[in-house]
Amino acid sequence: MKTLKGMTWDHSRGYDPMIATSEIFCKKHNNEISIEWDKRSLQAFADRPIEQMVDEYDLMVIDYPHVGEVSAKGLLQQFDVEQYNDQLDILNEQSVGLSHQSYNIDGHQWALAIDAATQVSCYREDLIDDVPTNWNDLLALAKNQKIIWPLKPVHAISSFYSIYNNITDEFDPLSKEFVDKEFGIQTLRMMKEISNCLIQDCFSMDPIRTAEILSETNDFYYAPYTYGFSNYSRKDYRKNILKYDNVIDLDGKGPHGTHLGGTGIAISNSSKYKDIALEYSYWIAGADCQQTIFYESGGQPGNSVAWQNKEINDHNNNFFIATRQTLDQAWVRPRHNGYMKFQDESGNIINEYLQSNIKEDTVMNKLSSMYLESFN
């Protein structure tokens with residue numbers, strides 16, 4: 001028996017599909033293979049360095065900003081190997097937005113997209129009559145205490161980027177200079193305007209908690225920037241069904257520039273079973289698995305064939321069709337080795353700003369200095 005160990009994240013969307021697909025994969029190999037999965041919190045998923053996992057795990061579900069560290073330190077197996085060239089080309093063509101490409105850096109593919117997500121809007125169709133179409137609409141709804149917005153530090157910086165990229169030119173992640181200061185200040189002020197109307201819990205809230213509150217209570221109607229979770233749009237998943245949609249168009253560009261998320265399957269360079277891990281990874285990222293067992297077991301596919309599947313959309317309140325425009329225009333955040341430290345610290349700064357009297361100019365100066373330091 002060959003036993004592989006895997007690490008994923010702790011939610012039915014992140015864990016259940018890995019269990020279900022592993023069981024089928026192992027049966028295909030006459031149960032001579034076993035894949036055992038551990039799970040970590042959503043925060044640990046974003047924070048824990050891959051370097052701490054490669055000696056313990058063969059397979060890892062990762063977030064794409066880690067690929068700069070991966071490439072610099074040689075931590076993972078590359079997916080661009082000759083025997084899978086044709087399949088890699090197909091997956092590139094079937095990418096939802098830039099999900100597949102986000103794991104490619106320095107000329108190599110370090111993971112395969114198995115889950116596609118970005119910040120989108122979310123609301124209760126049974127409670128809201130008019131969905132906000134501009135910032136003034138959103139502010140009015142916030143003043144009526146009907147807005148909920150996950151602004152835990154890592155999501156505070158995500159929302160900052162999503163708004164900034166929509167009101168001006170998209171931030172170039174290859175530039176060592178941080179965002180334009182004038183528009184950065186405008187973005188902070190827009191966020192502060194809404195956050196002044198929010199419940200305190202929003203500042204420690206993540207998108208899962210947001211979806212739980214929206215689906216289980218009638219206290220709030222709308223979330224303007226939150227990662228899409230298709231599970232909550234499925235019948236009988238929670239008390240009430242959520243509707244996910246594109247984000248507000250703030251400057252006539254459409255729902256452009258939101259903070260791309262999602263997950264990819266990666267293989268440790270220390271694994272003794274790379275051939276098996278490659279076979280499994282390519283299979284679960286492929287269209288056939290993604291639109292059947294992967295979705296049916298609670299996953300949120302990263303393959304566009306599944307996103308276009310009518311039966312899947314009928315099953316989840318048109319989640320994939322309704323948010324696709326935002327996904328296709330989503331923004332790939334910086335991926336250089338050193339960025340993850342900036343992401344953590346910048347989120348703390350914006351989160352603190354939203355709850356205090358710190359001046360926007362002070363925040364922007366600090367963020368710009370920290371971003372430059374992240375390249376050193």
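1. **Disulfides.** This predicted model contains zero disulfides. A pair of cysteine sulfurs would have to lie within 2.5 Å to count as one.

2. **C26.** Which cysteine sulfur is closest to that of C26? The one in C289, at 13 Å. That is too far for a bond. C26 is also buried, because its relative accessibility is 6%, and buried means under 20%.

3. **C197.** The sulfur of C197 has its closest cysteine sulfur in C202. The separation is 11 Å, so a bond is ruled out as too far. C197 has a relative accessible area of 15% and is therefore buried.

4. **Helices α5 and α7.** Two packed helices are described by the angle between their axes and the distance between those axes. Helix α5 covers residues 135–143, and helix α7 covers residues 181–195. They pack at about 30°, with axes 9 Å apart. The two helices are therefore roughly parallel, since angles under 35 degrees count as such.

5. **The α5–α7 contact.** From α5 come W135, L138, L139 and A142. From α7 come M190, M191, E193 and I194. Seven of the contact residues are nonpolar, none is polar and one is charged.

6. **The nonpolar core.** How many residues make up the largest nonpolar core? It has 124. L76, F160 and F178 touch the most other members.

7. **F178 up close.** Neighbours within four places in sequence are set aside here. F178 then contacts F160, Y161 and F171. Its other partners are F342, M364, L367, S368 and Y371. F160 thus appears twice: as a contact of F178, and beside F178 among the core residues that touch the most other members.

Note on methods:
Residues are numbered from 1 along each chain as its sequence is written. This is a predicted model: local features need pLDDT of at least 70, side-chain atom pairs count only at pLDDT 80 or more; totals for chains, interfaces and linings use all residues. Side-chain values use heavy atoms; hydrogens and water are left out. Buried means under 20% relative accessible area, exposed over 50%, partly exposed in between (1.4 Å probe, protein chains only). Axes are lines fitted to C-alpha atoms, for helices over the stretch in contact, and angles run from 0 to 180 degrees between N-to-C directions. Helices (H or I, at least four residues) and strands (E, at least two) are DSSP runs, numbered from the N terminus. Angles under 35 degrees count as roughly parallel, over 145 as roughly antiparallel, 65 to 115 as roughly perpendicular and the rest as oblique. Contact means heavy atoms within 4.5 Å. Ala, Val, Leu, Ile, Met, Phe, Trp, Tyr, Cys and Pro count as nonpolar, Asp, Glu, Lys and Arg as charged, and the others, Gly among them, as polar. A nonpolar core is a set of buried Ala, Val, Leu, Ile, Met, Phe, Trp, Tyr and Cys residues joined through side-chain atoms within 4.5 Å.
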